[in-house]
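Here are some exercises to work through with the model open beside you. Try each task before you read its solution.

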Amino acid sequence: MYDYTMKYIVVILDGASGWPLEELEECTTLEAAATPLLDLLATQGKVGLAETVPEGLEPSSSAACTSILGFDPQANYVGRGAIEAAAMGIELADDEIALRVNTLTIENGVMRSYAGGHITTEESRAIIERLADALNDETFTLYPGLAYRHILVVKAHPELLDVTYTAPHDISDRSIEDHLPQGEGAELLAEFCERAHALLSDDPINTQRVAEGKLPITDLWPFWPGTAPQSLPSFEQTYGKRAALTSGVDLLFGLANLFGLEVLDIEGVTDGSDNDHLAQVTGALRALDDHDVVVIHVEAPDEMAHAGDISGKLDAIEAIDNQILPRVLSYARNRGDVRLLVMPDHPTPIAVKTHVREAVPFILWGSGVTPDDTTEYSERAAQTGGWILSPGHQVMGELLSDR
């Protein structure tokens with residue numbers, strides 16, 4: 001039985017976990033960051049490891065965050081393009097495939113920036129809208145999204161599901177030659193992207209960006225295909241609780257829509273270092289007035305890891321510790337009957353600038369949680385404790401259980 005008087009808070013430090021770095025004296029970024037509150041939670045709570053990405057699935061946030069929300073990402077598989085389409089309110093027909101499309105920068109055949117120099121949403125949307133006016137037809141439809149992340153819907157080409165794709169953030173600063181889409185249907189996408197490339201060279205946003213010393217958007221890069229999802233279990237049906245979520249990325253909005261969590265519209269929440277952490281946590285805690293569970297997803301540690309920015313990743317982790325967690329703890333202590341889960345979704349090691357499939361450390365803290373002997377929050381501390389959740393989607397049940 002679940003305790004219906006309890007309030008539950010989940011904080012996702014996207015991509016915060018990683019590998020030891022020589023630059024940090026063989027510490028991980030979690031170990032090197034100044035995180036007194038994470039360490040306090042570890043001391044007062046219970047620390048373990050969760051395998052959020054099952055064997056056979058790509059180590060992306062779609063699988064990992066599905067696990068954190070308490071659902072098996074294999075049994076409830078939805079292609080990421082379709083998840084992000086759901087976030088944007090795009091209803092896919094049975095013969096349509098949605099692909100994620102990045103606006104990005106390629107120079108001399110090398111992936112210079114998978115995010116187009118982290119172009120703003122306003123600039124990127126303007127570019128996509130102009131491309132859509134020129135390229136949308138009975139086969140292709142472009143939809144503008146947030147920052148560099150957009151959606152391409154392709155009609156009547158099921159072979160695109162069997163194409164081999166590479167996520168652009170997996171090949172930062174590397175040649176794209178061996179990583180272009182491969183297989184039947186790849187030529188169709190290549191022709192579309194070539195037409196977009198030709199139009200981008202004269203786009204006024206690019207002209208302005210170059211004049212300002214910023215990277216231009218040179219190309220579109222499609223990947224992560226998905227089809228219309230079939231019926232999925234809702235969070236409330238599964239766990240008997242009403243849940244809400246705040247994030248700065250479409251993927252999490254899509255997962256929330258698919259599993260029946262309310263998406264919180266909080267001004268200032270972004271996917272980067274400019275995220276308004278105070279506004280995000282304030283809005284999230286306010287949502288607990290009429291929800292049982294709130295999920296606070298912070299994207300910045302992952303973005304900094306993809307960029308290979310050690311200092312930026314440390315700052316992103318520390319911002320969660322010194323801006324979000326103080327208010328979470330104050331709420332918990334003032335109210336009582338609060339339980340907290342803190343964890344990354346997957347590791348994003350600086351050394352490889354992409355996601356890897358490894359277990360991530362989590363903290364369970366609050367009412368009814370018996371502390372263990374852990375005194376800090378890190379990958380090594382979690383391994384020492386020996387509590388491993390496999391499969392990782394059990395972690396939500398651990399949070400909500402009548403302990």
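**Exercise 1. Cysteines.** Sort Cys27 and Cys65 into buried, partly exposed or exposed, then count the disulfides.

Solution. This is a predicted model, so keep that in mind throughout.
- Step 1: take Cys27, which has a relative accessibility of 25% and so counts as partly exposed, given that the partly exposed class sits between 20% and 50%.
- Step 2: Cys65 comes out at 0% relative accessible area, which makes this cysteine buried.
- Step 3: look for cysteine sulfur atoms within 2.5 Å of each other; by that rule there are zero disulfides.

**Exercise 2. The helix around Cys65.** Work out how many residues of helix 3 (residues 61-68) are buried, and list what covers them.

Solution.
- Step 1: go through the helix, and you'll find Ser61, Ser62, Ala63, Ala64, Cys65, Thr66, Ser67 and Ile68 on the buried list.
- Step 2: that is eight of the eight residues, so helix 3 is largely enclosed by the rest of the structure.
- Step 3: now look at the cover, which includes strand 1, strand 11, helix 4 (80-87), helix 9 (250-259) and helix 14.
- Step 4: just past the helix, check Gly70, where phi is positive at about 100°.

**Exercise 3. The eight-stranded sheet.** Trace the strand order of the open sheet, and find out which strands stand at its edges.

Solution.
- Step 1: walk across the sheet and you get the order 9-8-10-1-11-12-2-13, with mixed pairing.
- Step 2: strand 9 (262-263) and strand 13 (388-389) each have a single partner strand, so they are the edges, and one side of each has no neighbour in the sheet.
- Step 3: zoom in on strand 1 (residues 7-13) and strand 11 (residues 338-343), which run parallel and share six bridges.
- Step 4: for a register check, Lys7 sits opposite Val338 of strand 11.

**Exercise 4. A hairpin.** Describe how strand 3 (residues 96-107) pairs with strand 4 (residues 110-113), and look at the turn that joins them.

Solution.
- Step 1: the pairing is antiparallel, with three bridges.
- Step 2: one of the pairs to pick out is Glu107 with Val110, its bridge partner in strand 4.
- Step 3: the two strands make a hairpin with two residues between them, and Asn108 in that turn has a positive phi of about 50°.

**Exercise 5. Helix 12 from end to end.** Compare the expected span of helix 12 (residues 310-335) with the distance between its end C-alpha atoms, then inspect its start, its bend and what follows.

Solution.
- Step 1: with 26 residues at 1.5 Å a residue, the helix should span 38 Å; the end C-alpha atoms are 37 Å apart, so the two agree.
- Step 2: at the N-terminal end, Asp309 acts as the cap, with a side-chain oxygen 3.3 Å from the backbone nitrogen of Ser311.
- Step 3: further along, there's a bend of about 40° at Leu325, with a proline, Pro326, following within four residues.
- Step 4: after the helix comes Gly336, with a positive phi near 75°.

**Exercise 6. A threonine in a loop.** Is Thr35 buried or exposed, and which residues does it contact beyond its neighbours within four places in sequence?

Solution.
- Step 1: find Thr35 in the loop between helix 1 (29-32) and helix 2 (36-44).
- Step 2: its relative accessibility is 3%, so Thr35 counts as buried.
- Step 3: leaving out those sequence neighbours, Thr35 touches Leu30, Ile317 and Asp321.

**Exercise 7. Backbone oddities.** Check the phi values of Glu25 and Glu26, then the peptide bond between Ser390 and Pro391.

Solution.
- Step 1: start from the usual case: most residues other than glycine have a negative phi, and most peptide bonds are trans.
- Step 2: Glu25 goes against that with a positive phi near 55°; Glu25 lies in the loop between strand 1 and helix 1 and is exposed at 72% relative accessible area.
- Step 3: Glu26 has a positive phi too, near 65°, and is partly exposed, with a relative accessible area of 45%.
- Step 4: the bond joining Ser390 and Pro391 is cis, with omega about 5°, and Pro391 lies in the loop between strand 13 and helix 14 (394-400).

How values were computed
Residues numbered from 1 in each chain as written. Predicted model: local features only at pLDDT ≥ 70, side-chain atom pairs only at ≥ 80, totals over all residues. Heavy atoms only, no water. Pairing = 2+ DSSP bridges. Buried < 20%, exposed > 50% of the residue type's maximum accessible area, 1.4 Å probe, protein only. Contact = heavy atoms within 4.5 Å. Expected span 1.5 Å × (residues − 1). Bend = angle between axes of the 7 residues up to and from the residue. Polar contact = N/O pair within 3.5 Å; in protein donor to acceptor, adjacent residues only side chain to side chain.
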